[in-house]
Structures are given as structure tokens and as C-alpha cells.
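Hi,

Here is the model I promised to pass on. Have a look at it first, and my notes follow underneath.

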Amino acid sequence: MSLSTAMKTAQSSFSNVGLQSAVASKNIANASNTAYARRSAVLATAATGASVVETQRAQNEALLKQNLISMSKSSAQDTLLTGLTSMKMMLGGEDYELAPSTYLSKLRNNLQAFADKPNEVSLAETVIADATDVVNSLNGTSLAVQKMRAEADADIGTAVTELNRLLAEFKTYNDQVKQGTAAGTDVNDALDQRDKLLTQISQIVGVSTLKRTNNDLALYTSDGTVLFETEPRTVTFTATPTYTAAVTGNQVYIDGVAVQAGAGGNTSAQGSIAALLQLRDEAAPVFQNQLDEISRGLISMFSESIETPAGSGTFVDTDGLFTWSGIPTVDSPGLGAVIKVNPAVITSQGGNAMLLRDGINDTFNIGSNASFSELLKSYTAAFEVPMTFDADAAIDTTATILAFSTGSVGWLEQLRSAATTAGDDKTALLGRTQEALQNVTSVSLDEELALLLDLEQSYKASAKLVAAVDEMITALLQAAG
């Protein structure tokens, strides 16, 4: 080996060590950055020895795609579970002590006690208080359900705004990747940022990717709608600030295609938007329908059939213990929010609680008999008579009022339990896919520090080679002199 060749080899070694040290140092500096993919300097053999030809970024496309899917599913499941848990809290939490079924049981029991002692005014007042508790439960839960729908609607609006922002930012880094790849420059930092945006997008909407020329990425939703192709597609949504049971929320459109809501406790949704749509448009309305059906059943059970005019043989149903206000008919949506106890039996409103025994229109206990209990017994018996309920309430269509109200609690608990189990499973799957991806892309401090030690030795060896060449050149000069 000539002295000039030896010097070129040493220079190449110094250059390689410098570049490799810079890459290792950058890795170490970003060891805690979850959006950073480990870099490695790739060496190639040249006439003067090895040289760094490129800096490669650790990646695994298959694992990245699986991680995006797992993240979308886990995000949707968590969103649904949060909403269902909120619905459970409306009913009092674990014991459901604030549920209509709880108050209905008390109403039936005290109504039976009043029927046994129909002359006890205190028992009449107790029954009216129980009826008021039932109404308050139905009213309060109905209002809470509509408030939750409004909050879900607002969250959808926030998610749509964020999605549009992320897609615009995605274009910025995708363009950098395309241009840098075409020019042959380092695009690793832009790739990091692009992948980071992908994970954020996947939490809002299910996303799949298609790689094209020059590392260009096209994005599609989980159901195949174009989300990004060179340019971001427009995501549109018009918020509805106030909700009642009769209000239907607006759709979310991606490139003009409506986003489909998820279904089931183990939701089919991918991303938070589809799960929020499921809460707003499916779970909450079904629950509201159940509350409305309980209200309708109560109004029907306690209605009074009166002959009008007397002796005509023609009977009409009139309001009894329960009535309503604000909506046209007893079959209108939102009855649970407006059902109320008839003011005629509320003492504080100038009513008489004993009219529950005698009839709201005071037409049953004609002789004002203190032991009259037929009407009260008929109410008690009605609790055991099956009624027909709306099939859209997703509970048995034929059941007693108590069985139906208990079934409402069971429906919610079953749905929430399925969501909880699915949430645990999807969280575990996400953890495994993230771990697998991080095993490929994350920085190991031990490996990087070991590499720096190896580079230190290479530097020392190159330094010795330079020293040896220097000694030889000095000796030659002295000999020539």
C-alpha cells in the first residue's frame, strides 16, 4: 500500500466515523421520541475502503399498517365505552339506584300498601311522592341522554376540524418526501413526521395506505373512501347545537361520502368519528325510546276510563296519575322528558292526593267511602299485566312495565359489558402491535452506546495509521535531506 493510498484510507475512515457518530448521536437524542424511527449509516466498499452511502430509516410497512388498524379500532372502542359508561352513570352507577325501574318497584309496593289501607292520607302522599320520583328519573335521564347526544355532536365537529388540519399538514410532509426522494436527498425526518400524522389520523377515522412512486402515499378510509390522493379530500359536517328526541343529527361526509356509524358493543367502528355517530344516532336514541315507552306505559296504566256523557255507554280515556305536556300525542318521541304527575293529586299545587283513590275526576268513589279500594287494586294489578312495546326499543315487545324497565337496565349493562370486554381485547392487541413495531423502529440506548465504543476504536485505529504515515514521510524527508 502506498503512502497516498494509506492517507486516503485514513481520511475515508475519519469521514465514516464522523457520519456514523452523528447518526448514533441523533438516535440517542431521540431515544424517548415515539415518533422517531432509528437511523443507521449504510457502508459500501470503494477503492479507498468503505464509505457511507446513505442513512437508512428503520421501518416495517406491514407492522405500521397493522398498528394503524389497531389504533383505529381501539380509539373507537374507547370512545363508545366512555359514552356507555356516561349513560350508566345517568342511572346511578353500579347499583342503578336512580333508574326508573328502581322507583317503579317502590311505587308498586307503596301502592299496594295504600290499597290495603285506602283511608290513610299519608300513604296516598307517599304514593304521589314515589310517582314524582319515577317522573323525575324519566325526565332527568331523558335530558341527560339528549345532552350526551349534543356533546357527541360537538365532539364530532371537533374531530372533523382536527382531521382536516391533519390532512393539510400531511400534504406538507408528503410533498417533502416525494420531492426529496426524487432528488435523492435525505427524507427521513419528513417520513417520521408523516408517520406521526398517520397515527393521529387513524385515531379519528380508520385509514389504509397505498405507496406510490417516490414514496408518495395515498390514504383511504377503512370502507374505501378516498381520504388523500395528492391533495386532501374535504371532510364536512354541520353541527347541531341543541338536541331533543325528535332531532336527527347531521352526517359526516368525506369526499361527499357519508361516514357510517359503528354497530354493537364490540363496535365495528374504526376511529372516534364512527363511534361518536354510533352513540349519537343509535345507542342514545334506542335508550331514549325505552324511556319513552316506559312513560307511555305508565300513562296508559293509570289512565281513567270515564263514561261521557253519563249513561251513554260511551267511554273515553282521560289522564290519570300521569300526564304529559309539550308534545302532541303520547306516541311522540321524547315523552320521557315531558311526562309528569297530574297536578290534581299534588298537594303543593292545590291538588288532593286522595283523588288517586277516588279518581282524578272524582267519579269512581261516588259515596266517598273511606274503604273504597277498587281503583287502587286495579292499578296494582296492572303492574302484572303484560303490555305491548315498540320493537325499536330493542327489548321484549311484550312484557310488564316492571320487566320492561328492568330490561332497559339489562340492555344497557349488556351493551356496556360487551364494550368493556372488547375494549380490553383491542387495547391488548394495540399494545402488542405497538411493541412489535417499536422493536423494529425504536432506539436501543445499549446498542447505540456499544456502536459509539466501536467507532471510538475505529477512530483510534485511523489515528494510528495517520501517525504511522507521518513517521514514514518524516523518515523519508530526513533520508532525502
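Let me start with one strand pair: strand 5 (residues 226-229) and strand 6 run antiparallel to each other and are paired over two bridges. Within that pairing, Glu229 sits opposite Glu231 of strand 6. Please keep in mind that this is a predicted model.

The pair belongs to an open sheet of four strands, ordered 3-4-5-6, with antiparallel pairing. At the edges are strand 3 (207-211) and strand 6 (231-232); each has a single partner strand, so one side of each is left without a neighbour in the sheet. Helix 4 packs on this sheet, where it touches strand 4 (217-221), strand 5 and strand 6. The direction of helix 4 makes about 30° with that of strand 5.

Now to the nonpolar cores. The largest one has 65 residues, and the members that touch the most others in it are Leu298, Phe302, Phe322 and Ile401. Several elements give two or more residues to this core, including helix 2 (61-90), helix 4 (121-183), strand 13 (339-341) and helix 10 (401-441). Helix 6 gives the most, with 10 residues.

Ile401 is a good place to zoom in. Leaving aside neighbours within four places in sequence, Ile401 is in contact with Leu104, Ile294, Gly297, Leu298, Met301, Phe383, Met387 and Phe389. Apart from the largest core lies another one, of 38 residues, and Leu68, Leu167, Phe170 and Ala269 are among them.

Happy to talk it through whenever suits you.

Best wishes

Terms used: Residues are numbered from 1 along each chain as its sequence is written. This is a predicted model: local features need pLDDT of at least 70, side-chain atom pairs count only at pLDDT 80 or more; totals for chains, interfaces and linings use all residues. Side-chain values use heavy atoms; hydrogens and water are left out. A nonpolar core is a set of buried Ala, Val, Leu, Ile, Met, Phe, Trp, Tyr and Cys residues joined through side-chain atoms within 4.5 Å. Buried means under 20% relative accessible area, exposed over 50%, partly exposed in between (1.4 Å probe, protein chains only). Contact means heavy atoms within 4.5 Å. Two strands pair if DSSP finds at least two bridges between them. Axes are lines fitted to C-alpha atoms, for helices over the stretch in contact, and angles run from 0 to 180 degrees between N-to-C directions.
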